[in-house]
Amino acid sequence: MANRNIIKTVKGIHTQDGAGVNLVRVISNRDVEDFDPFLMLDAFDSDNPADYIKGFPWHPHRGIETLTYLIEGDIEHSDSMGNKGSICDGGCQWMTAGSGVLHQEMPQACERMLGFQLWINLPRAHKMTTPKYFDITSDITTTIEKEHATIRIIGGDFEGTHGQAQGEYVKADVLDISVDVGQTLSFETDIEKNVFVYLFEGSACFGGNKDTLIPAKTAALFSHDSGFSVRAGETGVRFAFFAGKPLQEPVAWGGPIVMNTPEELDAAFDELNEGTFIKQS
């Protein structure tokens, strides 16, 4: 079993979004081809509520799925489908925007806000599917304990064990993995899937890159092989693992809306202006 090796690392850029939320945009539209089907990863880690308390007031989405995961924190959310709730420590929200939703995400002041939001592209055939969402709370998250590692299945599966969320349109595997100091975790992956990781804390070496220590707050994209191996550094490591088959479709991206053609993008913004954007209620 040949191990995947790192082919690209990304630190991302510090930026603001929403009404003034400080975050790191790890991957975005400049990375679409390499990270397909994943479009964007925003990471946040702050113990200062001023960094995030202004939140993300009402805004639209179409043509994507958003997955928001908190290791620590509290984000209140509501949407045009009538859903309302909170994402708290160890919780996740998986939202299929499909034909269009309006929603807001408002972080609440807490000791630490640590997590990410991932955008997953929807295939052309399902861009206009009926919107839906579901929450996964920490108490129902599928967790696997190995001798030197803990794997939390946010989406997809790990070694045949399924999590609570199974992507209907893109079968994405999203894992929260912790490995003890100096220990190694190895497992098989689907060779057809693009795989990348984002390190929350600690450091690690991956695959055949045994002399290259990847630090925290870094994303690494891997080659297409069947094996995945990680060896934790001197303080251990906690990272998110993402895997999904590339769609290899054209991408027309305008802010919170991602379609296949500029014409579809223009139509979406016309509908926003005309008040006809929401197709389902």
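Which residue of E22 does Asp173 stand opposite? The tour through this predicted model begins with that question and then turns to the aromatic rings.

**Stop 1: strand E17 and its neighbours**

Select Asp173 first, and then look across to strand E22, where Ala243 stands opposite. This contact belongs to a longer pairing, since E17 and E22 run antiparallel and are joined by seven bridges.

Next, add strand E14, which comprises residues 149-155. E14 also runs antiparallel to E17, and six bridges join the two. To see one of the partnerships, select Gly155 together with Val174, its bridge partner in E17.

**Stop 2: the two faces of E17**

Now select the whole of E17, residues 173-179. Is this strand enclosed or open? Seven of its seven residues are buried, so the strand is largely enclosed by the rest of the structure.

In a regular strand, side chains alternate between the two faces of the sheet. Colour Asp173, Leu175, Ile177 and Val179 to mark one side of E17, and give Val174, Asp176 and Ser178 another colour to mark the other side. Every residue in both groups is buried, and both faces of the strand are thus covered.

**Stop 3: a ring pair between E6 and E11**

The next stops concern aromatic rings. How many aromatic pairs does a search of the whole structure find? The search finds 19.

Select Tyr69 and Phe116, one of these pairs. Their ring centres are 5.7 Å apart, and with 50° between the planes the pair is tilted. Tyr69 lies in strand E6 (residues 64-72) and Phe116 in strand E11 (residues 113-121), so the pair links distant parts of the chain, 47 residues apart. Tyr69 has a relative accessibility of 3% and counts as buried; Phe116, at 1%, is buried as well.

**Stop 4: a ring pair between E18 and E22**

Move on to Phe187 and Phe228. Here the ring centres are 5.1 Å apart and the planes meet at 40°, so this pair is tilted. Phe187 belongs to strand E18 (residues 184-188), whereas Phe228 belongs to strand E22 (residues 227-244). The two residues are 41 positions apart, and their pair links distant parts of the chain. Phe187 counts as buried at 4% relative accessibility, and Phe228 counts as buried at 0%.

**Stop 5: a cluster of rings**

Finally, return to Tyr69 and Phe116 and extend the selection to Phe35, Phe38, Phe196, Tyr198, Phe200 and Phe242. Ring pairs link these residues into a cluster.

Technical notes. Residues numbered from 1 in each chain as written. Predicted model: local features only at pLDDT ≥ 70, side-chain atom pairs only at ≥ 80, totals over all residues. Heavy atoms only, no water. Phe/Tyr/Trp six-rings, centres within 6.5 Å; stacked < 30°, edge-to-face > 60°. Helix = DSSP H or I, 4+ residues; strand = E, 2+ residues; numbered from the N terminus. Buried < 20%, exposed > 50% of the residue type's maximum accessible area, 1.4 Å probe, protein only. Pairing = 2+ DSSP bridges.
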